[in-house]
Amino acid sequence: MAMAALRREGRRFVPLAYSPTPINAIRSTLAPTEEQVGLGVRSISTQVVRNRMKSVKNIQKITKAMKMVAASKLRAIQVRAENSRGLWQPFTALLGDTPSVNVKKNVIVTISSDKGLCGGINSTSVKISRALHKINSGPETESKYVILGEKGKAQLTRDSKNDIELIMTELQKNFLNYTQVSVLADDILKNVEFDALRIVFNKFQSVVSFLPTTATVLSPEVVERESEAGGKIGDLDSYEIEGGETKSEVLQNLAEFQFSCVMFNAVLENACSEQGARMSAMDSSSRNAGEMLDRLTLTYNRTRQASITTELTEIISGASALEG
């Protein structure tokens, strides 16, 4: 635009020149200089900033939408998770929760999510699982993994591939209910030999906080042994067994039912923690995108103002040269 204006001004003032020298001076002002060539570069950089602003706006829209989706899912799961706590609490009062029990075969059930963008809940579960595996591994003991969720699978298969007994994914593809979790628990009980199941999950506390938790479920043989030895579960003998079932059969049923109830609560608690962490992560991402958009807008305005100022300076300089 500036060059076109200068050409028009040049054609208008050329007939007024009386000697070759002014004409050469006018032609030299019409020739493109390095600064004029730089105009194209400045316009390109402005376009780049504009495209970047558009991308950041789109990302901000996506993160806001993901935050709203996570909030709606959280409200639906939170009530069910709080109600499920009443299932496993009677078992804890009856059989106890003894994480310090010494057994030969330990199975660590790591509950994680299938999707990311939810903060560090999966890394926390994996770290605790690795610590438990290290503590319970020795010359006379062994520890194995049962993994629920894609994120836990991706992290634990890197260094503990040979210690993984079972992997289950896509837990939240369908509506989480007790029947679904009972099927998962039954598969674990049928395919894995254990003396103690140590379930690692994240207990939901609020939208911005969760508590890494480990629940221990003992096999019927270990429960009977610990009951005879006394301790926290030594009060089982004070209960009378009705019907034709023996004590071993009753303990077998109790252990299976306890594991399914603890698993159901753990899956729901972890799902709540996942949605809460995703809400916090998406809220932080939206705020970061807004701050980045403000900085890009400032950069764009400065670049555009500099380009306009340069064009005006060139026009004024050209007009001054023509007048001279």
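## A walk through the chain, starting at leucine 117

Select leucine 117 to begin: with a relative accessibility of 54%, leucine 117 counts as exposed. Keep in mind that what you have open is a predicted model. Leucine 117 sits in the loop between β1 (105-111) and α4. Check its backbone too, since phi of leucine 117 is near 60 degrees, a positive value in a residue other than glycine.

Now jump to glutamate 170, in the loop between β3 and α6. Here phi is near 55 degrees, again positive in a residue that isn't glycine. How accessible is glutamate 170? Its relative accessible area is 46%, so glutamate 170 is classed as partly exposed.

**Zoom out**

Color by secondary structure and follow the chain. You should find eight helices and five strands. Starting at the N terminus, the order is α-α-α-β-α-β-α-β-α-β-β-α-α. If you color by burial instead, buried residues account for 37% of the 324 residues in the protein chain.

**Helix α6**

Select residues 178-191, which is helix α6. With 14 residues at 1.5 Å each, α6 should span 20 Å, and its end C-alpha atoms are indeed 20 Å apart. Show the side chains of Val181, Leu184, Ala185 and Ile188, the buried residues of α6. Look down the helix axis: these buried residues fall within an arc of 95 degrees, so they line one face of α6. Which exposed residues are on the face of α6 turned away from the buried side? Thr179, Lys190 and Asn191 are the ones to show there.

Stay with lysine 190 and add aspartate 186. Their side chains meet in a salt bridge, at 3.0 Å from N to O. Both residues belong to α6 and are four residues apart, about one turn of the helix. Lysine 190 is exposed, with 63% relative accessible area, whereas aspartate 186 is partly exposed at 33%.

One more pick in this helix: serine 182 is in α6, and its 22% relative accessibility makes it partly exposed. Put a distance label from its C-alpha to that of glutamate 256. You should get 9.4 Å, although the two residues are 74 apart in sequence.

**Salt bridges**

The structure has eight salt bridges. You've just seen one of them, between lysine 190 and aspartate 186.

For another, select arginine 130 and aspartate 159, whose closest N and O atoms are 3.4 Å apart. Arginine 130 is in helix α4 (residues 121-135), while aspartate 159 is in the loop between α5 (150-156) and β3 (164-168), so this salt bridge ties together parts that are 29 residues apart in sequence. Arginine 130 has a relative accessible area of 31%, which puts it among the partly exposed residues.

Next, select aspartate 163 and lysine 144. This salt bridge has its closest N and O atoms 3.9 Å apart. Aspartate 163 is in the loop between α5 and β3, and lysine 144 is in strand β2 (residues 142-148), 19 residues away, so to follow the pair is to go between distant parts of the chain. Is aspartate 163 buried or partly exposed? Partly exposed, at 21% relative accessibility; the cut-off for buried is under 20%.

Then pick Lys67, Asp283 and Arg287 together: these three are linked in a network of salt bridges.

**The β4-β5 hairpin**

Show residues 196-206 (strand β4) and 209-218 (strand β5) as cartoon. The two strands pair in the antiparallel sense, over ten bridges. A hairpin of two residues connects β4 to β5. To check the pairing yourself, select alanine 196: its bridge partner in β5 is leucine 218.

**Last stop: a nonpolar patch**

Turn on the surface and select Ile308, Leu312, Ile315 and Ile316. These four form a nonpolar patch on the surface, with about 340 Å² of accessible area together. To place the patch in the fold, click on leucine 312, which is found in helix α8 (residues 247-323).

Note on methods: Residues are numbered from 1 along each chain as its sequence is written. This is a predicted model: local features need pLDDT of at least 70, side-chain atom pairs count only at pLDDT 80 or more; totals for chains, interfaces and linings use all residues. Side-chain values use heavy atoms; hydrogens and water are left out. Buried means under 20% relative accessible area, exposed over 50%, partly exposed in between (1.4 Å probe, protein chains only). Two strands pair if DSSP finds at least two bridges between them. Patches are made of residues with over 30% relative accessible area and no salt bridge: like charges are joined within 9 Å, nonpolar side chains (Val, Leu, Ile, Met, Phe, Trp, Tyr) within 5 Å. Accessible areas come from the Shrake-Rupley method with a 1.4 Å probe; for residues, only the protein chains shown count as cover. The expected span of a helix is 1.5 Å times one less than its number of residues. The arc is that of the directions from the helix axis to the C-beta atoms.
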